[in-house]
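Reader: I should like to learn how to read a protein model step by step. May we begin with the whole and then turn to its parts?

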Amino acid sequence: MEHIFLHGLGQTPKSWEAVTKKLGNKANCPDLSALPSEKPLTYAGLYRAFAENVMPQRRKSICAGCLSAVCWR
């Protein structure tokens, strides 16, 4: 299972760098601000881009700060 770490808005993937380095190829932290192509950046646009680009059709564990969830499509 791949783990996806989500940084907060105003932060970057560097926020999770120490963790993702330890997990190696089992970890990913996408740059959320770079995902949506539509501007201005909105929550709805970010959500849509995340669902389309980050969540392929396989099970993943998502860690967002203190929040964890298992998601699949």
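Reader: What share of the 73 residues of the protein counts as buried?

Author: The model is a predicted one. A residue counts as buried when its relative accessible area is under 20%. Of the 73 residues here, the share that meets this condition is 30%.

Reader: Which pattern does the protein follow along the sequence?

Author: The protein contains two helices and four strands. Read along the sequence, these elements give the pattern β-α-β-α-β-β.

Reader: Which residues make up the largest nonpolar core?

Author: In soluble globular proteins, nonpolar side chains tend to be buried together. In this model the largest nonpolar core has seven residues in all. Its members are I4, L6, L32, L46, F50, V54 and M55.

Reader: With which residues is L46 in contact, leaving aside its neighbours within four places in sequence?

Author: L46 is a member of the largest nonpolar core, and L32 is another member. Once the neighbours of L46 within four places in sequence are left aside, its contacts are L9, L32, P36 and L41.

Reader: Is T20 buried or exposed?

Author: T20 has its place in helix α1. Leaving aside neighbours within four places in sequence, T20 is in contact with F5, A27 and C29. Its relative accessible area is 17%. Because the limit for this class is under 20%, T20 counts as buried.

Reader: Which residues do salt bridges that share partners join into one network?

Author: Side chains of opposite charge can pair when their charged atoms come close. The count comes to two salt bridges: E17 meets K14 at 3.8 Å, N to O, and E17 meets K21 at 3.8 Å, N to O. Through the shared partner, the network joins K14, E17 and K21.

Reader: What separates E17 and K21 in helix α1?

Author: Helix α1 comprises residues 17-23, and E17 and K21 are four residues apart within it. Because of this spacing, the separation between E17 and K21 is about one helical turn.

Reader: Which class of accessibility does E17 belong to?

Author: The two partners of E17 count as exposed, K14 at 58% relative accessibility and K21 at 62%. For E17 the relative accessible area is 31%. Because that value lies between the limits of 20% and 50%, E17 is partly exposed.

Reader: How many residues apart in sequence are the parts that the pair of F5 and W16 ties together?

Author: There are two aromatic pairs in the count. One of them is formed by F5 and W16, tilted at 45° between the planes and 4.7 Å centre to centre, and both residues are buried. F5 lies in strand β1 (residues 2-5) and W16 in the loop between β1 and α1, so the pair ties together parts whose distance in sequence is eleven residues.

Reader: Is the pair of Y43 and Y47 stacked or tilted?

Author: Y43 and Y47 are four residues apart in helix α2 (residues 43-53), about one helical turn. Both count as exposed, Y43 at 66% relative accessibility and Y47 at 57%. Their ring centres are 6.3 Å apart and their planes stand at 35°. Because stacked planes must be under 30 degrees apart and edge-to-face planes over 60, this pair is tilted.

Reader: What percentage of the exposed area do carbon and sulfur atoms supply?

Author: The protein exposes about 5,100 Å². Of this area, the part supplied by carbon and sulfur atoms is 56%.

Key: Residues are numbered from 1 along each chain as its sequence is written. This is a predicted model: local features need pLDDT of at least 70, side-chain atom pairs count only at pLDDT 80 or more; totals for chains, interfaces and linings use all residues. Side-chain values use heavy atoms; hydrogens and water are left out. A nonpolar core is a set of buried Ala, Val, Leu, Ile, Met, Phe, Trp, Tyr and Cys residues joined through side-chain atoms within 4.5 Å. Buried means under 20% relative accessible area, exposed over 50%, partly exposed in between (1.4 Å probe, protein chains only). Contact means heavy atoms within 4.5 Å. A salt bridge is a side-chain nitrogen of Lys or Arg within 4 Å of a carboxyl oxygen of Asp or Glu. Rings of Phe, Tyr and Trp (its six-membered ring) pair if their centres lie within 6.5 Å; planes under 30 degrees apart count as stacked, over 60 as edge-to-face and the rest as tilted. Accessible areas come from the Shrake-Rupley method with a 1.4 Å probe; for residues, only the protein chains shown count as cover.
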